[in-house]
Each structure stands twice: as structure tokens, then as C-alpha cells.
Amino acid sequence: MDNKLLEVKNLQVSIKTYRGEVQAVRDVSFSIEKGEVFCIVGESGCGKSVTAQTLMKLNPSPPTMIKNGEILLNGKDIVPMNKHEMKSIRGREISMIFQDPMTSLNPTQRIGKQIEEAVRVHETVSEQEARQRAISMLEKVGVPGPEERMLQYPHEFSGGMRQRVMIAMGLACDPQLLIADEPTTALDVTIQAQILELIKQIQQEKGISVLLITHDLGVVANMADKVAVMYAGKIVETGTCRQVMKMPMHPYTKALLAAKPTTDQTKGEKLVCIEGMPPSLLNPPKGCAFADRCSYCTEKCRNEQPKEKV
């Protein structure tokens, strides 16, 4: 029995700029099972967010172009779908939580109206039913006094509470897949832990799949069932959380893990960092994109693309 909810095959996404065509996502393939938490981890600029937004076709086109590949949701390819077809999928089958909720919420509308709208776009319900659903969702995500909070505007909420509102909106229509793109980046450490725990709790209660985009390996260790490590627009390693964290195969994965701060570091001890910068994706290297930063690099690495470590 096929348990795959989402399957991405040979996805290639480019962005046209005044300097040329940036190959942001290069031949990426992965799959997410039903009820699974799948993490994509990597440095900023490696293509994580472009990949996530492509799954909902949210990247503006032009300048963004899907050059090749398939995105199969329950076996149906969404790449050729038009705007009307995608509108029926966004929110209902796939929802997304973004990095900064303040830029995703409408500052001129009350919170309640925004959640109600998310419900009424996809379901034929009365205004009263939509309101009750919104109150229920705010309560579920831990917003105190949900009936009063419904009447407030985004600026009246703290960062953590705004992110809870975004989660409520994302889950209002019971999607099968929730994409969380760096959902705790703008929050302090304590609130980060609360939001991640909330996502995990809701995922387990509802049995939904979660695609979590992050650069934080601590988040990966606490949340992920499966992990894909992304670098310079390509997935270089995929495996279970234990495999990737305990037995990394690719030099980039090893370097990321070595750079992770630990609780037993002594005062004054220098943090490990990965020297150099990722390559330009205007003209990606012929061989391994990590070669210039890798201590294991050989001439073969510079001339041949390595196979993804699975």
C-alpha cells in the first residue's frame, strides 16, 4: 500500500534576475509519508524556501519558473494546474506558516475576520459557523480569551501569539500537509520551544504531515521523522533523523553538525564554523557544490556530481 502523501520528482526551479538565471532548485526529489514530519535543513540561500513555496506555487511567475519536474499530491501533479485549481488546494489540502506572521497577516483586518475568511474560501458555511470555527481554532492553539481576541488587530498580539494565529489559520480547513517555513526564526528561545511543541502536538492529534524548513539542527533533532539536507539548490543527503544526526554521510552534513553549539562547551572556546560561502547559482559548479569548502575534496569532486546520500 502506497503511503506517500507528497512526492517531488526532479524539481528544477530558476529565477530570472538582471544578472542572469539563478538555478535556485536543482533536480530535487523527495517524498513525504502520511502523518510524517519531514525536515529540510541547510544554510540560508540553499533553496529551502523556494522549494517549499513551489509546492504551493506561491513564487511569482515571472521571474520564477518551474523548469522541470513533478509535484505529486495524492498522486496528482500540481505543476500544470492553473490559479483557479491551485486556489482549491491551498488551505484545504496544503497550508503554510511563514517566517514572520506580521508580514503575512493583514494589519487592517481583525484577527477573527482573517481566520473566518480562510474557512469560508474553502467551505460552504454560514458566517456564524465560520466564527465558531475561528474561535475554536484560536482556543486549540492556546490563544487565551479567544472570543475577545477575535476582535483585535495583529499589532495587538505578541510575536508568539501572532504565530499561533497563523497556525490556527493554516489548520482551519484540516489540511493534509502543513508547511512550516522557519516558523520560529523571529521568536525568542522560550517562545520557539512553545510553538514547535504546539506544531508537534497538533500534528500527532490530527495525524497530518508536516514539512518543516529550518537551519536549526536542534529543531531537527526534536521534531523530524525524516531529514533532507540541502545545499546550493540540491539535496545532498536524506535519511531518518537518527541516521542523519548520528551517522552523517555527506561532508556538508558533517560540517553542519560540527558547527552546532553544545551545552558542554567551555567559556572562551571558539565555535566551529564552515569556512567560505556557498557558490553562485548563476553558474553552478560542474562537480560537487561543496568542494571549495570541503576538507575531503579531491579532483574527482570538482568534476563529477556526487550521488545523493540516502
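**Exercise 1.** Determine how helices α4 and α7 are oriented to each other.

*Solution.* Step 1: the model is predicted, local features need pLDDT of at least 70, side-chain atom pairs count only at pLDDT 80 or more, and totals for chains, interfaces and linings use all residues. Residues are numbered from 1 along each chain as its sequence is written, and side-chain values use heavy atoms, without hydrogens and water.

Step 2: take α4 as residues 111-122 and α7 as residues 159-171; helices are DSSP runs of H or I with at least four residues, strands runs of E with at least two, numbered from the N terminus.

Step 3: the two axes come within 8 Å and cross at roughly 25°. Axes are lines fitted to C-alpha atoms, for helices over the stretch in contact, with angles from 0 to 180 degrees between N-to-C directions.

Step 4: α4 and α7 are therefore roughly parallel (angles under 35 degrees).

**Exercise 2.** List the residues through which α4 meets α7.

*Solution.* From α4 come I111, Q114, I115 and A118; from α7 come V165, A168 and M169 (contact: heavy atoms within 4.5 Å).

**Exercise 3.** Give the strand order of the six-stranded open sheet, and place α7 on the sheet.

*Solution.* Step 1: the order is β6-β7-β8-β3-β9-β10, with mixed pairing; two strands pair if DSSP finds at least two bridges between them.

Step 2: β6 (94-97) and β10 (234-240) are the edge strands, each pairing on one side only.

Step 3: β6 runs parallel to β7 (residues 177-181), joined by four bridges, and S95 stands opposite L178 in β7.

Step 4: α7 packs on the sheet, touches β6 and β7, and makes about 175° with the direction of β6.

Note on methods:
Angles under 35 degrees count as roughly parallel, over 145 as roughly antiparallel, 65 to 115 as roughly perpendicular and the rest as oblique.
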